[in-house]
Amino acid sequence: MVGLKEELLKSIWHAFTALDLDRSGKVSKSQLKASGGRPSRRGARVEALLRRACITHLFSVDLEQVDGDEKLVACGKRKNGAIRGERGGLTTEEDLEQCSGQDPGRTIGFVQRCRAVLSHNLCTVLNVPHDPVALEEHFRDDDEGPVSNQGYMPYLNKFILEKVQGNFDKVEFNRMCWTLCAKKNFSKSPLLISDEDAFKVWVIFNFLSEDKYPLIIVPEEIEYLLKKITEAMGAGWQQEQFDHYKIALNTSREGLSAWELIDLIGSGQFSKGMDRQTVSMAINEVFNELILDVLKQGYMLKKGHKRKNWMERWFVLKPNIISYYVSEDLKDKKGDIILDGNCCVEALPDKDGKKCLFLIKCLDKTFEISASDKKKKQEWIQAIQSTVSLLRAGSPPPHKEARLKRKELRQKLLAEQEELERQMKELQAANENKQKELETVRKQLEAAAARAAEEEKKRLQTQVELQDRFSLELEREKTVRQKMEEQVAQKSSELEQYLQRVRELEEMYKQLQEALEDEKQARQDEETVRKLQARLLEEETAKRAELEKWHLQQQQTIQVTEAEKQELENQRMMKEQALQVAMEQLKQLELERKEALEQYEEVKKKLETAANNTKSWKDKVAHHEGLIRLIEPGSKNPHLITNWGPAAFTEAELEQRQRSWKGKKATSE
C-alpha cells in the first residue's frame with residue numbers, strides 16, 4: 001500500500017504544481033474543492049452538465065461569476081488534425097450536452113479553469129467518497145489564504161489516499177493529472193511522438209523517477225528506458241552516443257524532469273531512422289509492460305465452456321490475471337482467468353484437428369487454449385508458469401523487482417560517495433586547521449623575530465634556528481597535505497573503477513546466465529551422446545566377443561589345418577626325398593645299365609670272336625676226332641655270358657661282382 005501511495009503522490013504532485021500559476025508553492029483552496037456558492041437553477045443545471053463533461057474529458061472546470069452572470073468557456077476541438085483552443089461561450093445547455101457527450105478520443109479541448117476542483121476529481125477517479133466539508137474543516141484557521149504542498153499533504157493522506165482500495169483505473173487517474181499539468185508544461189513544438197505517446201512517457205517517468213521532489217529521473221533510469229524503447233523498435237543500442245549525452249548531463253544537473261524526458265524522446269535523438277508509428281508502438285509496448293504490468297499478450301484460440309466451440313481471442317497476461325478480449329483494441333472484454341498459487345499449466349496432445357494445445361487449471365475452472373505454433377505455445381506456458389511461481393513466492397513483477405534492485409544499488413553507491421565526500425571534508429577541515437595553526441605559528445615567529453632584532457646576536461641566532469625548524473615542519477605539513485590530496489584522487493579513481501566493475505559484473509552476470517544455459521544444453525547433449533556411446537559400446541563388446549569366439553575357432557581350425565598341412569608337408573618332403581633317392585638310384589641304374597650294355601656289347605663282340613674261333617676249332621676237331629669234346633649249347637633259356645663263354649656262375653654271384661665293381665669304381669673316383 002505504501003508503494004501505491006508513492007505512485008499516486010507523484011502524479012498528484014504534477015497536478016498540484018500545475019495549479020500553482022505564480023510558482024509560489026501555494027494553491028488557492030478554491031482550486032482544490034468544488035464551488036462554495038449556490039448557483040441559480042439554470043446555473044445548477046449547467047454546472048451538472050459541466051461536471052459530466054469534466055469526468056468525460058478528464059479535466060476540471062467551475063462556473064465563473066462575471067458581473068453577476070454565469071459564464072462558461074467552450075471546449076477546444078480538433079479540427080482537420082490541428083488543435084484549436086479558443087474561448088467562446090456555451091450559450092445553451094444543448095451545446096454543453098453535446099460537448100459532454102463527445103468521444104474523448106476526438107475531443108481534446110481544454111476548458112479554461114477559473115477554479116479547478118482537484119480534490120473532487122481525485123475522489124472521482126480513485127473511487128473514494130468525497131467529503132466537501134473536510135477541506136474547509138482542515139484549513140479553518142487559514143480560510144482565505146492559499147494552501148501549500150506541505151499543508152495539503154496531511155489532508156490528502158487522511159481523507160483521500162488512506163481510503164484508496166486499488167479498485168480504480170490507473171490510466172484514468174494518470175490522464176486526469178496529465179490533463180491538469182500538460183496544458184502548462186507540455187511544449188507543442190514539433191515532436192516525433194504524439195500527445196498520447198507523450199502521456200505514456202509521462203506516466204513511465206513517474207514510475208521510474210526518484211522518490212524525492214521535485215521529481216527527476218536519473219541517468220541510469222534514462223538509459224534503462226531508452227534501451228527498452230530501442231529494443232522494442234528492433235534497433236541497436238548506441239552506448240557511445242548515450243555516454244556522451246550522460247557526461248554532458250552530469251556536468252549540468254542530476255537528472256531530467258518529465259517534460260525534458262518527453263522532449264528527449266520526442267526529438268528522435270536516440271531513434272534516428274525510425275518513423276512515428278514504430279516509435280509509438282515501442283512506447284506503447286514499454287508502457288504496457290511497466291505501467292499496466294502486461295507480461296505477455298497475443299491472439300490464441302479458446303474453447304468455450306458451454307458451446308465447446310473454438311473462438312479467437314486476444315489474451316493479456318498480468319501478474320495475477322489473464323484477460324481475453326474480442327480484439328487487441330481491448331474494447332470488448334469476454335472474461336478473465338484469475339491466477340493464484342494453486343493454478344497450473346499442462347501441455348496437451350493435438351486432438352480434434354487443433355494443434356499446440358495447453359490447459360490452464362484453476363480451482364473452479366479449466367481452460368483449453370490453442371496457440372498458433374509450438375514456439376508461441378511454449379512461450380505462453382513458460383510465462384504463465386513464471387507468473388504462478390511469482391504468486392506462490394509473493395514476489396513483485398520482474399520489472400518492479402529490477403527497479404527496486406537498481407534503486408538499492410544507486411542508494412548503496414550514493415552512500416559510499418557520501419561517505420567519501422565526508423572523509424574529504426574531514427581531511428579538508430583538518431587541513432584548514434593545520435593552515436590556521438601554521439599561520440599562528442608564522443605570526444608568532446614574526447613577533448619573535450621582531451623582538452629578537454633587539455636582543456643579542458646569540459638570541460637572534462637561536463630564533464633563526466627555531467624559525468628554520470618550524471619551516472621544516474611546514475614543509476612536512478605540505479607534504480602530508482599533498483599525500484592526502486593524492487589519496488583523495490586515488491579514492492575517486494577507485495570509485496570510478498568500482499562503478500566500472502559493477503557494470504562489468506552486470507554484463508558478466510548476463511554472460512554467465514547465457515553460458516549456464518549453453519552448458520545446461522551441452523550437458524543434456526553430452527548425456528544423450530554418452531548414452532548412445534554406451535549402447536554402441538555394449539553392441540561393440542558383444543560383437544567383439546562373438547568375433548573373438550569366431551577367431552578362436554578359426555585359430556583352432558587353422559592350427560589343426562596347419563598340423564595336417566605340416567604332416568602332409570613332411571610326408572611330401574619324405575616322398576620327395578624318397579623320390580629323389582629313387583631318381584638318383586634310377587640314374588645310377590641307368591648308368592649301370594649303360595655300362596652293362598657296353599660290357600654286353602664287348603662280351604658279344606668277344607663271343608662272336610670266340611664263336612669264330614670255336615668254328616675254326618670245330619673244323620680242327622673234325623680233322624682230329626676224339627681230341628676235344630665240344631661244348632654243346634644248353635637249353636634255350638637265357639644264360640649268363642662271360643668273356644669265356646657261357647657262365648658257370650649264378651646271378652647272385654654276378655650281383656656280388658657288380659657291387660665289387662661299383663666299390664672299386666667309387667674308390668677310383
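**Strand E9 and its two neighbours**

Strand E8, which covers residues 310–318, pairs with E9 in the antiparallel sense, and five bridges hold the register between them. The model in which this pairing is found is a predicted one. A hairpin of two residues makes the connection from E8 to E9, and a reader who wishes to locate the pairing at the level of single residues can look at Trp314, whose bridge partner in E9 is Tyr325.

E9 also pairs with strand E10, residues 333–338, again in the antiparallel sense and over five bridges. Here Ile321 can serve as the point of reference, since its bridge partner in E10 is Ile338.

How much of E9 is covered? The strand runs over residues 321–325, and five of its five residues are buried, that is, each has under 20% relative accessible area. In a regular strand the side chains alternate between the two faces of the sheet. In E9, Ile321, Ser323 and Tyr325 point one way, while Ile322 and Tyr324 point the other way, and all of these residues are buried. Tyr325, the bridge partner of Trp314, and Ile321, the bridge partner of Ile338, thus both belong to the set of side chains that point one way from E9.

Turning to the chain as a whole, its secondary structure comes to 16 helices and 15 strands, and buried residues account for 30% of its 669 residues. Of the contacts between residues at least 6 apart in sequence, 63% join residues at least 24 apart. The chain exposes about 44,600 Å², of which carbon and sulfur atoms supply 51%.

Conventions
Residues are numbered from 1 along each chain as its sequence is written. This is a predicted model: local features need pLDDT of at least 70, side-chain atom pairs count only at pLDDT 80 or more; totals for chains, interfaces and linings use all residues. Side-chain values use heavy atoms; hydrogens and water are left out. Buried means under 20% relative accessible area, exposed over 50%, partly exposed in between (1.4 Å probe, protein chains only). Helices (H or I, at least four residues) and strands (E, at least two) are DSSP runs, numbered from the N terminus. Two strands pair if DSSP finds at least two bridges between them. Contact means heavy atoms within 4.5 Å. Accessible areas come from the Shrake-Rupley method with a 1.4 Å probe; for residues, only the protein chains shown count as cover.
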